[in-house]
Amino acid sequence: MGRPRILILGGTSEARLLAEALALRDDCDVLLSLAGRTEKPAAQPVPVRIGGFGGAAALADFLKAGDYRLLIDATHPFAERISANAALAAETAGIAAIALRRPEWQRLPGDRWREVRSIPAAIEALGPSPRHVFLATGRQGAHHAEDAPQHRYLIRSVDPVEPPLALANADYVLDRGPFTLESECALLTRHNIDAVIAKNSGGAATYAKIEAARLLGIEVMMVERAPATDMKAVQTVAAALAAIDHLFPPAMKRGV
């Protein structure tokens with residue numbers, strides 16, 4: 001059978017760690033696909049492809065043409081369209097598929113969360129009175145803030161928000177996680193933040209803002225994840241590696 005070819009849809013730290021682990025094993029061929037939304041993506045340990053596929057049918061064609069035997073969806077928990085396309089493409093191509101999804105953050109004592117379905121719903125939940133809002137959802141959803149211009153916004157993203165928002169009161173911070181509890185507390189305090197808008201991404205890299213809000217008694221509009229696809233899901237890189245071993249036992253991988 002030869003070495004199985006694996007396509008990882010990435011963009012998360014988990015995708016990079018999984019690619020790293022597979023690169024060390026030398027018993028499969030891995031291609032990591034990044035959507036290309038970040039202008040300067042971090043270095044990766046395996047060959048990388050950048051850019052979308054153009055929908056589920058085109059992704060299925062890519063999988064078949066490349067003789068891929070496994071698709072791993074390790075995209076961001078909020079990349080719903082990509083995940084839906086991945087599930088359909090794997091089914092169409094008739095190959096195995098695994099979703100690597102870190103667990104959601106859980107509400108802890110002291111958290112003042114208001115759970116909402118979307119960024120527009122979070123903006124609406126701020127209410128009519130002017131507030132100081134930390135919009136920590138990245139640049140993609142930042143334009144929704146224009147629907148409630150009465151608030152003052154602090155907007156953090158990896159890449160600049162282009163064009164800048166049509167808002168009288170907006171400050172921008174360009175930064176990439178992981179963030180520390182101390183730096184997040186300082187940021188929230190310096191800008192007099194009284195509401196945080198965040199996606200329930202899970203993981204450690206950006207959790208400090210949630211901890212900081214808890215410590216400072218700040219309300220968090222927590223955008224919930226959409227229902228997951230019915231693809232087989234694992235929560236850790238170790239579980240993904242175990243699932244790969246189950247699919248491709250070592251003897252098969254050596255072509256024995």
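This passage describes a parallel sheet, a set of salt bridges, the surroundings of one phenylalanine and an internal cavity in a predicted model.

The sheet considered here is open and is built from six strands, which follow one another in the order E6-E11-E10-E7-E8-E9 with parallel pairing. Its edges are formed by strand E6, covering residues 112–116, and strand E9, covering residues 170–174, each of which pairs on one side only. From one strand to the next, the twist averages 20 degrees. Strands of a sheet are paired through hydrogen bonds of the backbone, in either a parallel or an antiparallel arrangement. Within this sheet, strand E7 (residues 132–135) is joined to strand E10 (residues 195–199) in the parallel sense over three bridges, and Phe-134 is placed opposite Val-196 in E10. Helix H5, which spans residues 181–190, lies across E7, E8 (152–157), E9 and E10, and its direction makes an angle of about 150 degrees with E8.

Across the whole structure, 16 salt bridges were found. One of them is formed between the side chains of Asp-29 and Arg-3, with an N to O distance of 2.4 Å. This pair connects distant parts of the chain, since Asp-29 belongs to strand E2 (residues 29–34) whereas Arg-3 lies in the segment before strand E1 (5–9), the two being 26 residues apart. Asp-29 counts as partly exposed because its relative accessibility is 30%, and Arg-3 is likewise classed as partly exposed because its value is 35%.

Further salt bridges involve Arg-131, a residue in the loop between helix H4 (119–125) and E7. With Asp-194, Arg-131 forms a salt bridge in which the closest N and O atoms are 3.0 Å apart; Asp-194 is located in the loop between H5 and E10, 63 residues from Arg-131 in the chain. The two partners fall into separate burial classes, Asp-194 being partly exposed because its relative accessible area is 31%, and Arg-131 being buried because its relative accessible area is 16%, which is under the 20% limit for a buried residue. The side chain of Arg-131 also meets that of Glu-219 in a salt bridge, again with an N to O distance of 3.0 Å. Here the link is between the loop that joins H4 to E7 and strand E11 (residues 219–223), with 88 residues separating Arg-131 from Glu-219, and both of these residues are buried. Through shared partners, the salt bridges of Arg-114, Arg-131, Asp-194 and Glu-219 are joined into one network.

The loop between E9 and H5 contains Phe-179, which is classed as buried because its relative accessible area is 14%. When neighbours within four places in sequence are left aside, Phe-179 is in contact with Arg-156, Glu-184, Ala-205, Thr-206 and Ala-208. As regards Thr-206, a separation of 27 residues in sequence from Phe-179 is accompanied by a distance of 6.0 Å in space, taken from C-alpha to C-alpha.

A search of the whole structure for cavities of 30 Å³ or more returned one. The largest cavity holds about 40 Å³ of space, and its lining is made up of Thr-12, Glu-14, Ala-74, Thr-75, Pro-77, Leu-100, Arg-101 and Arg-102.

Conventions:
Residues numbered from 1 in each chain as written. Predicted model: local features only at pLDDT ≥ 70, side-chain atom pairs only at ≥ 80, totals over all residues. Heavy atoms only, no water. Pairing = 2+ DSSP bridges. Helix = DSSP H or I, 4+ residues; strand = E, 2+ residues; numbered from the N terminus. Axes fitted to C-alpha atoms, helices over the stretch in contact; angles between N-to-C directions. Contact = heavy atoms within 4.5 Å. Salt bridge = Lys/Arg side-chain N within 4 Å of Asp/Glu carboxyl O. Buried < 20%, exposed > 50% of the residue type's maximum accessible area, 1.4 Å probe, protein only. 1 Å grid on protein atoms, 1.4 Å probe; cavity = no way out; pocket = protein on both sides within 12 Å on 5 of 7 lines; lining within 4 Å. Points joined across faces, edges and corners; volume = space filled by probe spheres on them.
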